[in-house]
Amino acid sequence: MLGFVSHNLQIRPYSTKMSVMADKIRILSDLAPQVKTQRESAGLSKTELAQRAGKVREVIYRLESGEDVTVSSLLAVLGGMGLALQIVKAGLPTMQEVAARFAEDEE
């Protein structure tokens, strides 16, 4: 199943001085690598991020592996890295995105 939604989520830094992530996240599995990349770029261990977010380390593991977490946990983790969630109009996925999603399903 493709699982595309009508709105995209973008993770953006709080500060405009930091580089802005333009990658749109349409499904949960797209979120996990973004969170992990941002955590690693910030030089944070999973334990350090969990402490900053006021969550247990298991939340970070679940989030980075693409498992379900609560919205409040997601927002706390993003806040712990100085990031915010933005909801933007998605439009239709590109042909490349659809092809990539089908290729993932076949594996």
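These legends walk through several close-up views of a predicted model, from the overall fold to single residues.

The model is predicted, so local features are taken only where pLDDT is at least 70 and side-chain atom pairs only at pLDDT 80 or more, while totals for chains, interfaces and linings use all residues. Residues are numbered from 1 along each chain as its sequence is written, and side-chain values use heavy atoms, with hydrogens and water left out.

**View 1. The whole protein has 5 helices and 2 strands.** Following the sequence, you meet the elements in the pattern β-α-α-α-α-β-α. Helices (H or I, at least four residues) and strands (E, at least two) are DSSP runs, numbered from the N terminus. Of the 107 residues, 32% count as buried; buried means under 20% relative accessible area, exposed means over 50%, and partly exposed lies in between (1.4 Å probe, protein chains only). The accessible surface comes to about 6700 Å², and 55% of that belongs to carbon and sulfur atoms. Accessible areas come from the Shrake-Rupley method with a 1.4 Å probe, and for residues only the protein chains shown count as cover. Among contacts with a separation of 6 or more, 58% join residues that are 24 or more positions apart; a contact means heavy atoms within 4.5 Å.

**View 2. The largest nonpolar core gathers 15 residues.** L31, V35, L49, L63, V77, L78 and M81 have the most contacts inside this core. Two or more residues come from each of the helices α1 (28–41), α2 (46–53), α3 (57–64) and α4 (71–80). A nonpolar core is a set of buried Ala, Val, Leu, Ile, Met, Phe, Trp, Tyr and Cys residues joined through side-chain atoms within 4.5 Å. As general background, nonpolar side chains tend to be buried together in soluble globular proteins. Take V77 as a place to start looking: leaving out residues up to four places away in sequence, V77 touches V35, L49, A53, V59, I60 and L63.

**View 3. Helices α1 and α3 cross at roughly 125°.** Their axes come within 7 Å, and the crossing angle makes α1 oblique to α3. On the α1 side, the contact is made by L31, A32, V35, K36 and R39, and on the α3 side by I60, L63 and E64. Axes are lines fitted to C-alpha atoms, for helices over the stretch in contact, and angles run from 0 to 180 degrees between N-to-C directions. Angles under 35 degrees count as roughly parallel, over 145 as roughly antiparallel, 65 to 115 as roughly perpendicular and the rest as oblique.

**View 4. Helices α3 and α4 cross at roughly 95°.** Here the axes come within 11 Å, and α3 is roughly perpendicular to α4. V59, I60 and L63 in α3 meet S73, L74 and V77 in α4.

**View 5. R39, E40, K46 and E64 are linked in a network of salt bridges.** A salt bridge is a side-chain nitrogen of Lys or Arg within 4 Å of a carboxyl oxygen of Asp or Glu, and a search of the whole structure finds 4 of them. The side chains of R39 and E40 meet at 3.9 Å, N to O. R39 is buried at 7% relative accessibility, whereas E40 is partly exposed at 46%. E64 forms a salt bridge with K46, with the closest N and O atoms 3.9 Å apart. This pair links distant parts of the chain, since E64 sits in helix α3 and K46 in helix α2, 18 residues apart. E64 is buried at 12%, and K46 is partly exposed at 22%.

**View 6. R62 and E67 form a salt bridge, and R62 also touches the loop residue D68.** The closest N and O atoms of R62 and E67 are 2.9 Å apart. Both partners are partly exposed, R62 at 28% and E67 at 35%. D68 lies in the loop between α3 and α4 and is exposed at 56% relative accessibility. Apart from neighbours within four places in sequence, D68 is in contact with L28 and R62. D68 and L28 are 40 residues apart in sequence, yet their C-alpha atoms are 8.0 Å apart in space.

**View 7. Q86 is found in strand β2 (residues 83–89).** Q86 is partly exposed, with a relative accessible area of 31%. Q86 and K24 are 62 residues apart in sequence and 9.8 Å apart in space, C-alpha to C-alpha.
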